[in-house]
Amino acid sequence: MNFKDIFKSDFLEAITSVNVADMAITLILAFGLGMFIFLVYKKTYGGVMYSSGFGVTLVALTMITATVILAVTSNVVLSLGMVGALSIVRFRTAIKEPLDIAFLFWSIGVGIVLAAGMIPLAIIGSVAVGVILLVLVNKKGHARTYIAVIRCEDSETESAVRRFLDGKTKRCAIKSKTVQKGDIELNLELSLKDDNTDFINETAEMNGVKSAVLVSYNGDYTG
(Lines give C-alpha, C1' and ligand atoms only; values in the text may rest on other atoms or scores of the structure.)
Protein backbone atom coordinates (compact mmCIF):
# COMPACT_ATOMS: atom_id res chain seq x y z
CA MET A 1 0.00 0.00 0.00
CA ASN A 2 1.48 3.32 -1.10
CA PHE A 3 0.61 6.87 -0.07
CA LYS A 4 -2.14 7.26 -2.70
CA ASP A 5 -3.83 4.02 -1.64
CA ILE A 6 -4.19 5.38 1.90
CA PHE A 7 -6.19 8.36 0.66
CA LYS A 8 -8.32 6.15 -1.63
CA SER A 9 -9.23 3.78 1.20
CA ASP A 10 -11.74 4.37 3.96
CA PHE A 11 -8.97 4.85 6.53
CA LEU A 12 -9.45 8.61 6.81
CA GLU A 13 -13.24 8.25 6.93
CA ALA A 14 -13.24 5.81 9.81
CA ILE A 15 -14.83 7.36 12.87
CA THR A 16 -14.54 5.70 16.24
CA SER A 17 -17.27 7.03 18.49
CA VAL A 18 -16.18 7.96 22.00
CA ASN A 19 -17.87 5.96 24.71
CA VAL A 20 -20.17 8.14 26.83
CA ALA A 21 -18.90 6.60 30.07
CA ASP A 22 -15.26 7.20 29.10
CA MET A 23 -16.12 10.75 28.11
CA ALA A 24 -17.80 11.44 31.46
CA ILE A 25 -14.94 9.91 33.46
CA THR A 26 -12.36 11.91 31.52
CA LEU A 27 -14.18 15.22 32.02
CA ILE A 28 -14.82 14.58 35.72
CA LEU A 29 -11.16 13.71 36.30
CA ALA A 30 -10.12 16.76 34.23
CA PHE A 31 -12.27 18.97 36.43
CA GLY A 32 -10.89 17.41 39.62
CA LEU A 33 -7.25 17.69 38.57
CA GLY A 34 -7.90 21.18 37.22
CA MET A 35 -9.20 22.21 40.65
CA PHE A 36 -6.10 20.67 42.23
CA ILE A 37 -3.90 22.73 39.91
CA PHE A 38 -5.97 25.80 40.80
CA LEU A 39 -5.45 25.22 44.54
CA VAL A 40 -1.71 24.70 44.10
CA TYR A 41 -1.54 27.92 42.07
CA LYS A 42 -3.42 29.79 44.80
CA LYS A 43 -1.12 28.47 47.54
CA THR A 44 2.12 29.15 45.66
CA TYR A 45 1.28 32.53 44.12
CA GLY A 46 3.92 35.10 45.03
CA GLY A 47 3.23 37.97 42.66
CA VAL A 48 2.02 41.47 43.38
CA MET A 49 -1.69 41.07 42.54
CA TYR A 50 -3.48 37.70 42.64
CA SER A 51 -5.86 37.01 39.74
CA SER A 52 -8.61 34.49 40.43
CA GLY A 53 -9.50 34.56 36.72
CA PHE A 54 -6.21 32.90 35.84
CA GLY A 55 -6.95 30.10 38.32
CA VAL A 56 -10.36 29.49 36.74
CA THR A 57 -8.63 29.47 33.35
CA LEU A 58 -6.43 26.59 34.52
CA VAL A 59 -9.51 24.49 35.32
CA ALA A 60 -11.19 25.33 32.02
CA LEU A 61 -7.99 24.73 30.06
CA THR A 62 -7.63 21.23 31.51
CA MET A 63 -11.19 20.28 30.54
CA ILE A 64 -11.03 21.93 27.10
CA THR A 65 -7.75 20.18 26.27
CA ALA A 66 -9.18 16.81 27.32
CA THR A 67 -12.27 17.41 25.15
CA VAL A 68 -10.20 18.38 22.11
CA ILE A 69 -7.91 15.37 22.44
CA LEU A 70 -10.92 13.03 22.75
CA ALA A 71 -12.29 14.44 19.50
CA VAL A 72 -8.94 14.20 17.75
CA THR A 73 -8.37 10.58 18.74
CA SER A 74 -11.78 9.56 17.36
CA ASN A 75 -11.28 10.89 13.83
CA VAL A 76 -8.09 11.13 11.79
CA VAL A 77 -9.56 13.72 9.41
CA LEU A 78 -10.61 15.87 12.36
CA SER A 79 -7.14 15.60 13.88
CA LEU A 80 -5.54 16.93 10.67
CA GLY A 81 -8.00 19.80 10.53
CA MET A 82 -7.47 20.58 14.21
CA VAL A 83 -3.72 20.88 13.71
CA GLY A 84 -4.28 23.36 10.90
CA ALA A 85 -6.83 25.36 12.88
CA LEU A 86 -4.71 25.61 16.03
CA SER A 87 -1.64 26.63 14.04
CA ILE A 88 -3.25 29.99 13.19
CA VAL A 89 -4.29 30.81 16.76
CA ARG A 90 -2.23 33.56 18.40
CA PHE A 91 -2.36 34.38 22.11
CA ARG A 92 -1.51 38.00 22.90
CA THR A 93 -1.96 37.97 26.69
CA ALA A 94 1.34 38.72 28.42
CA ILE A 95 2.54 36.30 31.10
CA LYS A 96 3.54 38.46 34.07
CA GLU A 97 4.81 35.71 36.36
CA PRO A 98 7.35 33.14 35.05
CA LEU A 99 5.75 30.40 37.15
CA ASP A 100 2.42 30.91 35.35
CA ILE A 101 3.94 29.28 32.26
CA ALA A 102 4.51 26.08 34.24
CA PHE A 103 0.87 26.05 35.40
CA LEU A 104 -0.43 26.58 31.87
CA PHE A 105 1.71 23.76 30.51
CA TRP A 106 0.70 21.59 33.49
CA SER A 107 -3.02 22.07 32.72
CA ILE A 108 -2.56 21.31 29.04
CA GLY A 109 -0.40 18.26 29.78
CA VAL A 110 -2.92 16.82 32.25
CA GLY A 111 -5.74 17.24 29.73
CA ILE A 112 -3.74 15.44 27.03
CA VAL A 113 -2.69 12.57 29.31
CA LEU A 114 -6.26 12.06 30.61
CA ALA A 115 -7.77 11.99 27.12
CA ALA A 116 -5.09 9.49 26.08
CA GLY A 117 -6.38 7.12 28.78
CA MET A 118 -3.31 7.33 31.04
CA ILE A 119 -5.30 8.12 34.19
CA PRO A 120 -2.75 6.82 36.77
CA LEU A 121 0.01 8.88 35.11
CA ALA A 122 -2.15 12.03 35.19
CA ILE A 123 -3.07 11.60 38.87
CA ILE A 124 0.34 10.53 40.19
CA GLY A 125 2.16 13.09 38.05
CA SER A 126 -0.12 15.92 39.17
CA VAL A 127 0.30 15.04 42.84
CA ALA A 128 4.08 14.86 42.46
CA VAL A 129 4.29 18.21 40.64
CA GLY A 130 1.95 19.83 43.15
CA VAL A 131 3.96 18.66 46.16
CA ILE A 132 7.23 19.81 44.60
CA LEU A 133 5.81 23.26 43.83
CA LEU A 134 4.37 23.64 47.33
CA VAL A 135 7.70 22.74 48.91
CA LEU A 136 9.97 24.80 46.66
CA VAL A 137 7.86 27.93 46.13
CA ASN A 138 6.74 28.31 49.73
CA LYS A 139 10.24 27.76 51.10
CA LYS A 140 11.19 30.93 52.95
CA GLY A 141 14.65 32.33 53.23
CA HIS A 142 16.42 33.19 56.45
CA ALA A 143 15.78 36.94 56.08
CA ARG A 144 12.72 38.71 54.71
CA THR A 145 13.25 41.69 52.45
CA TYR A 146 11.28 44.94 52.50
CA ILE A 147 11.37 48.36 50.88
CA ALA A 148 11.14 51.34 53.27
CA VAL A 149 10.00 54.68 51.84
CA ILE A 150 10.99 57.43 54.28
CA ARG A 151 10.57 61.20 53.88
CA CYS A 152 12.93 63.43 55.86
CA GLU A 153 13.20 67.19 56.33
CA ASP A 154 16.98 67.53 56.00
CA SER A 155 20.26 65.65 55.68
CA GLU A 156 20.76 65.45 59.46
CA THR A 157 17.49 63.55 59.81
CA GLU A 158 18.53 61.33 56.91
CA SER A 159 21.79 60.40 58.64
CA ALA A 160 19.96 59.70 61.91
CA VAL A 161 17.47 57.44 60.13
CA ARG A 162 20.23 55.52 58.37
CA ARG A 163 22.09 54.93 61.67
CA PHE A 164 18.90 53.82 63.38
CA LEU A 165 17.95 51.36 60.62
CA ASP A 166 21.48 49.95 60.44
CA GLY A 167 21.13 48.92 64.07
CA LYS A 168 17.60 47.53 63.76
CA THR A 169 17.96 45.51 60.54
CA LYS A 170 20.30 42.89 59.18
CA ARG A 171 21.01 44.90 56.03
CA CYS A 172 20.11 48.40 54.92
CA ALA A 173 20.93 49.54 51.37
CA ILE A 174 19.69 52.60 49.54
CA LYS A 175 17.77 51.94 46.31
CA SER A 176 16.96 55.50 45.32
CA LYS A 177 16.98 59.02 46.72
CA THR A 178 14.82 61.98 45.71
CA VAL A 179 15.79 65.44 46.98
CA GLN A 180 13.63 68.55 46.91
CA LYS A 181 13.80 71.76 48.88
CA GLY A 182 12.85 70.85 52.44
CA ASP A 183 12.11 67.23 51.54
CA ILE A 184 14.28 64.11 51.10
CA GLU A 185 12.67 60.81 50.07
CA LEU A 186 14.64 57.60 50.61
CA ASN A 187 13.87 54.16 49.19
CA LEU A 188 15.80 51.64 51.30
CA GLU A 189 16.06 47.88 50.84
CA LEU A 190 15.93 46.21 54.26
CA SER A 191 16.69 42.64 55.30
CA LEU A 192 15.09 41.95 58.66
CA LYS A 193 16.53 39.84 61.46
CA ASP A 194 13.03 38.52 62.28
CA ASP A 195 9.37 39.30 61.53
CA ASN A 196 9.24 42.21 63.96
CA THR A 197 8.46 45.46 62.10
CA ASP A 198 7.97 47.76 65.11
CA PHE A 199 11.10 49.67 64.10
CA ILE A 200 9.15 51.43 61.34
CA ASN A 201 6.85 52.91 64.01
CA GLU A 202 9.86 54.23 65.89
CA THR A 203 11.26 55.64 62.66
CA ALA A 204 8.05 57.55 61.95
CA GLU A 205 8.24 59.15 65.45
CA MET A 206 11.77 60.46 64.99
CA ASN A 207 12.25 64.22 64.82
CA GLY A 208 12.40 65.45 61.24
CA VAL A 209 10.72 62.37 59.74
CA LYS A 210 7.56 63.28 57.81
CA SER A 211 6.42 59.74 56.95
CA ALA A 212 7.65 56.14 56.93
CA VAL A 213 6.20 53.33 54.78
CA LEU A 214 7.25 49.66 54.76
CA VAL A 215 6.44 47.50 51.72
CA SER A 216 7.11 43.80 51.20
CA TYR A 217 9.62 43.21 48.40
CA ASN A 218 9.90 39.88 46.54
CA GLY A 219 12.48 40.85 43.92
CA ASP A 220 10.00 41.05 41.00
CA TYR A 221 9.80 44.82 41.03
CA THR A 222 12.01 47.66 42.11
CA GLY A 223 11.38 50.61 44.35
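**View A. Phe54 (F54), a buried aromatic residue of the predicted model.** F54 is buried, since its relative accessible area is 15%, and buried denotes a value under 20%. The model shown in this and the following views is predicted.

**View B. The aromatic pair of F36 and W106.** The structure holds 4 aromatic pairs. One of them is formed by F36 and W106, whose rings meet edge-to-face, with 6.1 Å from centre to centre and 90° between the planes. This pair links distant parts of the chain: F36 belongs to helix α2 (residues 20-44) and W106 to helix α5 (residues 98-115), 70 residues apart. The two partners are described next by their accessibility. W106 is buried, with a relative accessible area of 8%. F36 counts as partly exposed because its relative accessibility is 27%, and the partly exposed class lies between 20% and 50%.

**View C. The aromatic pair of Y41 and F54.** The ring centres of Y41 and F54 are 5.0 Å apart and their planes stand at 50°, so this pair is tilted. Y41 lies in helix α2 and F54 in helix α3 (residues 52-74); the pair therefore ties together parts that are 13 residues apart in sequence. Y41 is buried, with a relative accessible area of 2%, and F54 is likewise buried, at 15%.

**View D. The cluster of aromatic rings.** Ring pairs link F36, Y41, F54, F103 and W106 into a cluster. Among its members are the edge-to-face partners F36 and W106 and the tilted partners Y41 and F54.

How values were computed:
Residues numbered from 1 in each chain as written. Predicted model: local features only at pLDDT ≥ 70, side-chain atom pairs only at ≥ 80, totals over all residues. Heavy atoms only, no water. Phe/Tyr/Trp six-rings, centres within 6.5 Å; stacked < 30°, edge-to-face > 60°. Helix = DSSP H or I, 4+ residues; strand = E, 2+ residues; numbered from the N terminus. Buried < 20%, exposed > 50% of the residue type's maximum accessible area, 1.4 Å probe, protein only.
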